[in-house]
Amino acid sequence: MILIPEMKTWYGMTATVGTIGRFSRMPGTLGSMVACAVWIMFGGLPIWAIAAVIVIGTVAADKYEKAAKRTDPPEVVIDEVAGCWISCFGFDMTYAIVGLFMFRIIDITKPFPVKQMEKLPGGVGIMADDIVGGVIANLLIRSIKWVFFDGGLQWIYEAFGR
């Protein structure tokens with residue numbers, strides 16, 4: 001763990017979500033778990049709250065990255081918070097853990113276009129890959145839910161099975 005004086009600034013505390021990002025050897029997973037717990041505790045969050053975290057997180061992550069003099073420091077977990085919340089958005093609380101796991105799988109494996117978003121500069125790159133990962137996770141959950149629980153399988157069978 002690298003300690004820099006900037007870690008105690010507003011952007012240091014914001015980017016690392018307090019000390020969560022510095023607490024574990026798996027800071028992304030821990031940050032996502034805390035984000036999921038907050039999601040459940042509040043019964044979800046409005047889109048404006050997610051947007052605010054994205055904007056503030058992008059600025060904080062950019063400043064933190066420059067102060068740390070490292071690209072995408074692993075202790076920066078505000079991006080995981082945004083990604084996890086995006087993956088859970090629009091579902092009832094029974095899908096929160098599903099959103100967490102789906103987001104983590106995508107965040108760890110980094111399929112296209114998630115990997116390409118990491119290449120963007122500064123705080124935008126730090127946040128963009130997790131935002132896109134959260135969107136992909138959300139869309140996958142919606143698709144799976146539609147097929148297996150909302151009549152999609154029946155629709156597919158009727159449309160193509162005859």
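A residue is called buried under 20% relative accessible area, exposed over 50%, and partly exposed in between. The legends below describe a predicted model.

**Figure 1. Isoleucine 40 of helix H2 and its contacts.** Isoleucine 40 belongs to helix H2. Its relative accessible area is 40%, so isoleucine 40 is classed as partly exposed. Apart from neighbours within four places in sequence, isoleucine 40 is in contact with Met93, Ala96 and Ile97. Threonine 94 lies 54 residues away from isoleucine 40 along the chain, yet the C-alpha atoms of the two residues are separated by 9.2 Å.

**Figure 2. Overall view of the protein chain.** The protein chain holds eight helices and zero strands, and its pattern along the sequence reads α-α-α-α-α-α-α-α. The chain has 162 residues, 44% of which count as buried. Among contacts with a separation of 6 or more, 72% join residues 24 or more positions apart. The accessible surface amounts to about 9,000 Å², and carbon and sulfur atoms contribute 72% of this area.

**Figure 3. Helix H2 and the helices that cover its buried residues.** Helix H2 comprises residues 27–42, 16 residues in total, and extends 22 Å from its first C-alpha to its last, close to the 22 Å expected at 1.5 Å a residue. The buried residues of H2 are Pro27, Gly28, Leu30, Gly31, Ser32, Ala35, Cys36 and Trp39. Their cover includes helix H3 (47–68), helix H4 (78–88) and helix H5 (96–109). Just after H2, glycine 43 adopts a positive phi of about 70°.

**Figure 4. Helix H3 and its buried residues.** Helix H3 has 22 residues, which should span 32 Å at 1.5 Å a residue; the end C-alpha atoms are 30 Å apart, in agreement with that expectation. Buried positions in H3 are Ala49, Ile50, Val53, Ile54, Gly57, Thr58, Ala60, Ala61, Tyr64, Glu65 and Ala68. Glutamate 65 is thus listed among the buried residues of this helix. Just after H3, lysine 69 takes a positive phi of about 60°.

**Figure 5. The largest nonpolar core and cysteine 84.** The largest nonpolar core contains 32 residues, of which Trp39, Ile50, Val53, Val76, Cys84 and Trp85 touch the most other members. Helices H2, H3, H4, H5 and H7 each supply at least two residues of this core. Two of the residues named above can be placed in their helices: Trp39 is a buried residue of H2, and Ile50 is a buried residue of H3. When residues up to four places away in sequence are not counted, cysteine 84 touches Ser32, Ala35, Cys36, Leu100 and Phe103. Of these partners, Ser32, Ala35 and Cys36 are among the buried residues of H2.

**Figure 6. The salt bridge between lysine 66 and aspartate 62.** The structure holds eight salt bridges. In one of them, lysine 66 pairs with aspartate 62, and the closest N and O atoms are 2.8 Å apart. Both residues lie in helix H3, four residues apart, about one turn of the helix. An α-helix has 3.6 residues a turn, so residues three or four places apart point the same way. Lysine 66 counts as exposed because its relative accessibility is 58%. Aspartate 62 has a relative accessible area of 21% and is therefore partly exposed.

**Figure 7. A network of salt bridges that includes glutamate 118.** Salt bridges link Arg104, Asp107, Lys110, Lys115, Glu118 and Asp129 in a network. Glutamate 118 pairs with lysine 110, with the closest N and O atoms 3.7 Å apart. Glutamate 118 also forms a salt bridge with lysine 115, where the closest N and O atoms are 3.3 Å apart. Lysine 110 counts as buried because its relative accessibility is 18%. Lysine 115, at 40% relative accessibility, is partly exposed. Glutamate 118 is likewise partly exposed, with a relative accessible area of 27%.

**Figure 8. A nonpolar surface patch to which helix H7 contributes.** Leu140, Ile144, Phe148, Phe149 and Leu153 make a nonpolar surface patch of about 530 Å². Helix H7 (residues 122–149) gives the most to this patch, with four residues. Isoleucine 144 is located in helix H7. Its relative accessibility is 40%, so isoleucine 144 counts as partly exposed.

Methods:
Residues are numbered from 1 along each chain as its sequence is written. This is a predicted model: local features need pLDDT of at least 70, side-chain atom pairs count only at pLDDT 80 or more; totals for chains, interfaces and linings use all residues. Side-chain values use heavy atoms; hydrogens and water are left out. Buried means under 20% relative accessible area, exposed over 50%, partly exposed in between (1.4 Å probe, protein chains only). Contact means heavy atoms within 4.5 Å. Accessible areas come from the Shrake-Rupley method with a 1.4 Å probe; for residues, only the protein chains shown count as cover. The expected span of a helix is 1.5 Å times one less than its number of residues. Patches are made of residues with over 30% relative accessible area and no salt bridge: like charges are joined within 9 Å, nonpolar side chains (Val, Leu, Ile, Met, Phe, Trp, Tyr) within 5 Å. A salt bridge is a side-chain nitrogen of Lys or Arg within 4 Å of a carboxyl oxygen of Asp or Glu. A nonpolar core is a set of buried Ala, Val, Leu, Ile, Met, Phe, Trp, Tyr and Cys residues joined through side-chain atoms within 4.5 Å.
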